[in-house]
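This report introduces a structure to a reader who has not met it before. The sequence and the structure come first, and the notes follow.

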Amino acid sequence: MYSQLLHSGEGVELAAGDRLLRFPAVWLRDNCPCAECVDPGSKQKLKDITEIPNGTVVTAVEDAGESVVVTFAPDRHRSTFTRSWLAAHALGWADGGDGRTEDDKDLWLPADLVSGLPEQSWPRYLAEPSARAHALDAVLRWGFVLLHDVPAEAGLVLEVAASFGFVRETNYGRLFDVRVEPRPGNLAYTSRRILPHTDNPYRDPVPTVQLLHCLRAADDGGETGLVDGFAAAVALRAMDAGTFDVLARTPVPFGYKENGTDLRASQPLIQLGPPGRIRGVRFNHRSTRALRLPYPEVTAFYAAYRRWAEVLARPERQLNLRLMPGDCLIFDNTRILHARTAFSVTGRLEGRGRRHLQGCYADLDGLASTLAVLRQERP
């Protein structure tokens, strides 16, 4: 049962069941859905905030059944809002509705995935919109999905990225090869063990989605490891709030330099959104640069940094996968840290080892948009 009450001209109060919803006059005026205020085609606002009269107040509220009609002063504008829309947009803190904080995720340890990984077959992903939606939802909820049976052909990882968004081109190109190189400019292009990390921490913004497509597996070693950085950060906050706070407030300089490239970014290792919810992790010791804060802050940071690295490195936090030819991993680079075990180099050809992955970057906003459209198109 709904009822509404004019609240001293400052706004509208609307009782919805056992909830009392309150909306300020300026908020209501700014969100007027009429054709004078919103373009019917693009759904974009036509009125700039400076065009809303200063001191806008509500002068009347009318009950129109499933809608509420509000009259404002001084411009005498009338706006009609459905009750359902007002209830769906009740005021109160929210993270912008983008689903990017810890509150919107299913946090995990490998033990939580014993019943099955977030995975899907590529042919089914292409053929069935519901299967594609399930896979993309897994990236947003669990942080990753493993696609099987993607033909082990060079360049196909770009088609996977194009199925949900746009490729983010970087200094590594639209497409990059992860294999042993004769003169590597990055430790990823060796056969060494790589500890859990996120990619491109020296960029702001970082590419938020990473794809890795296996063309050829190593004969021995080369397993891929995944760590849920959000789950680890939640655990750290619970066990040591002081360390968590140091990591969340200390900007860390990252850098990467090679011929024609000199990238730098300074960001905390744990990034928070309001009101203090985990929104991203950025961790890559290979790319950190010298911290130049006051002496006490540097010593406090290093103690916290070591504690955080130890939490991330715990074996029970790392999910180990042996990617086989045709497997394509899609994961959230702001949440999931990835790693690699060392591998033997056999069948050398021009200095390159046998293990060969191809990768590219994309972004979560494109993936989330594709998922939203798929959900809208469901019968």
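## The open sheet

In this predicted model, an open sheet is formed by 3 strands in the order E4-E5-E6, with antiparallel pairing. Its edge strands are E4 and strand E6 (78-82), each of which pairs on one side only. On average, neighbouring strands of the sheet are turned by 25° against each other, direction ignored.

The antiparallel pairing of E4 with strand E5 (residues 67-73) runs over 7 bridges. Val57 has Ala73 in E5 opposite it.

## Pro33 in a loop

Pro33 sits in the loop that lies between helix H1 (25-30) and strand E4 (57-64). Pro33 counts as partly exposed because its relative accessibility is 48%, and partly exposed covers the range between under 20% and over 50%.

Leaving aside neighbours within four places in sequence, the contacts of Pro33 are Val38, Thr80 and Phe81. Gln44 is 11 residues from Pro33 along the chain, and the C-alpha atoms of the two are separated by 9.9 Å.

## The nonpolar cores

The largest nonpolar core has 47 residues. Those with the most contacts inside this core are Phe144, Leu226, Leu247, Leu269, Ile270, Phe301 and Trp308. Helix H8 (residues 295-312) gives the most to the core, with 7 residues. Apart from this core lies another, of 27 residues, including Ala135, Leu147, Phe164 and Ala362.

Trp308 is in contact with Gly229, Ala232, Ala233, Leu236, Leu247, Leu269, Ile270, Val281 and Phe283, when its neighbours within four places in sequence are left aside.

Note on methods: Residues are numbered from 1 along each chain as its sequence is written. This is a predicted model: local features need pLDDT of at least 70, side-chain atom pairs count only at pLDDT 80 or more; totals for chains, interfaces and linings use all residues. Side-chain values use heavy atoms; hydrogens and water are left out. A nonpolar core is a set of buried Ala, Val, Leu, Ile, Met, Phe, Trp, Tyr and Cys residues joined through side-chain atoms within 4.5 Å. Buried means under 20% relative accessible area, exposed over 50%, partly exposed in between (1.4 Å probe, protein chains only). Helices (H or I, at least four residues) and strands (E, at least two) are DSSP runs, numbered from the N terminus. Contact means heavy atoms within 4.5 Å. Two strands pair if DSSP finds at least two bridges between them. Axes are lines fitted to C-alpha atoms, for helices over the stretch in contact, and angles run from 0 to 180 degrees between N-to-C directions.
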